[in-house]
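Welcome to a short tour of some helices and some unusual backbone geometry. Please have a look at the chain below before reading on.

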Amino acid sequence: MSPLLFGLNLSTSAAPGADPVADAIEAERLGFDFVSANDHPMGTSPTHELWTLLAWVAARTSTIKVASRVAGVPYRNPAVLAKMAASLQTLSGGRLILGIGGGSSDEGIAAVGAGTLTPREKIDRLEDALRIMSGLWSEPGFSYEGRVHSVRDATIEPRPSEPIPIWTGTFGERGLRLTGELADGWFPSLAMAPPDTARAMRDRILRAAADAGRASDAITCICNLEVRIGPEDPDRSVVSGEPEQVVERLLELVAVGFGGMNFIVTGEDWEEQRERLAVEVLPALRKAARA
């Protein structure tokens, strides 16, 4: 069994007092494998743009990876996104994880002029993006004619200094199949993929990977979830309780096939929660998973 991977949510807040760089440095000190930030560029709350934030954080840290959770395809041209990702991968010394999806905010998608998209149309764009990015990273003079996005004799240089893992946030049948065929990981939220549902979804991904001639271990499965140490929350999409209870809940996800988690720490005392998660929960979870 590969070592579990643990990520920590990085707030995109640009409100007074917010310091995402300090939070990322602390996550690195505490031993998290990556930090991740969401992609909601539109709205009235003050926030930082995802890619600018990840680049700034990568420049100020040393070893921790940075992940998009997940980049919405309708917000950026896929060929340009491929160039952005290649640049950040090279500049960061290979520390980018590209989380990508069809876009969850219909209001945000409409706000940037991309219209009102059906689930099918979102997946059309996601498939185009996956094929265009992979092609541009591996081939010179790459051409592709997609349902929505196309490239013609396109080349980016330098191409990525090392492979960029692509993790998708997909849930529907076609999106899961695309993940198995074309992606390196699956990055769902617990609220959308509780254990029983996630098991069936993961099985669909692995079948699609096998059909494409890929090994099952080519797909990394990471569960995105809210966590709080303390009194149990009646909402089962929040993993909560004392450290032993939290470990027990997380082991359920390991049993389903998740190779790690991305934690969104909740509660007003989130800095203390973050410390307790790293010190009291994660070592015990690693030990229990190995056993």
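Let's begin with the surroundings of helix α1: its buried residues are covered by elements including β1 (5–9), β2 (34–37), α2 (50–60) and α9 (270–290). This is a predicted model, and in it α1, spanning residues 20–30, is mostly covered, with eight of its eleven residues buried. Those buried positions are P20, V21, D23, A24, E26, A27, E28 and L30. Just after the helix comes G31, whose phi is positive, at about 95°.

Helix α6 (residues 173–182) offers another set of buried residues, namely R174, G175, L176, L178, T179 and G180. The elements covering them include α5 (119–138), β8, β9 (185–186) and α7 (195–211).

Now for the backbone. Most residues other than glycine have a negative phi, and most peptide bonds are trans. Here are two cis bonds to find in the model:

| Cis peptide bond | Omega |
|---|---|
| R69 to V70 | near -20° |
| E157 to P158 | near -5° |

Where do these bonds lead? V70 sits in the loop that joins β3 (65–68) to β4 (71–72), while P158 belongs to the loop between β7 (150–154) and β8 (166–168).

Strand β7 also holds D153. Although D153 is not a glycine, its phi is positive, at about 50°. Is D153 buried or exposed? D153 counts as exposed because its relative accessibility is 61%, and the cut-off for exposed is over 50%.

Conventions:
Residues are numbered from 1 along each chain as its sequence is written. This is a predicted model: local features need pLDDT of at least 70, side-chain atom pairs count only at pLDDT 80 or more; totals for chains, interfaces and linings use all residues. Side-chain values use heavy atoms; hydrogens and water are left out. Helices (H or I, at least four residues) and strands (E, at least two) are DSSP runs, numbered from the N terminus. Buried means under 20% relative accessible area, exposed over 50%, partly exposed in between (1.4 Å probe, protein chains only). Contact means heavy atoms within 4.5 Å.
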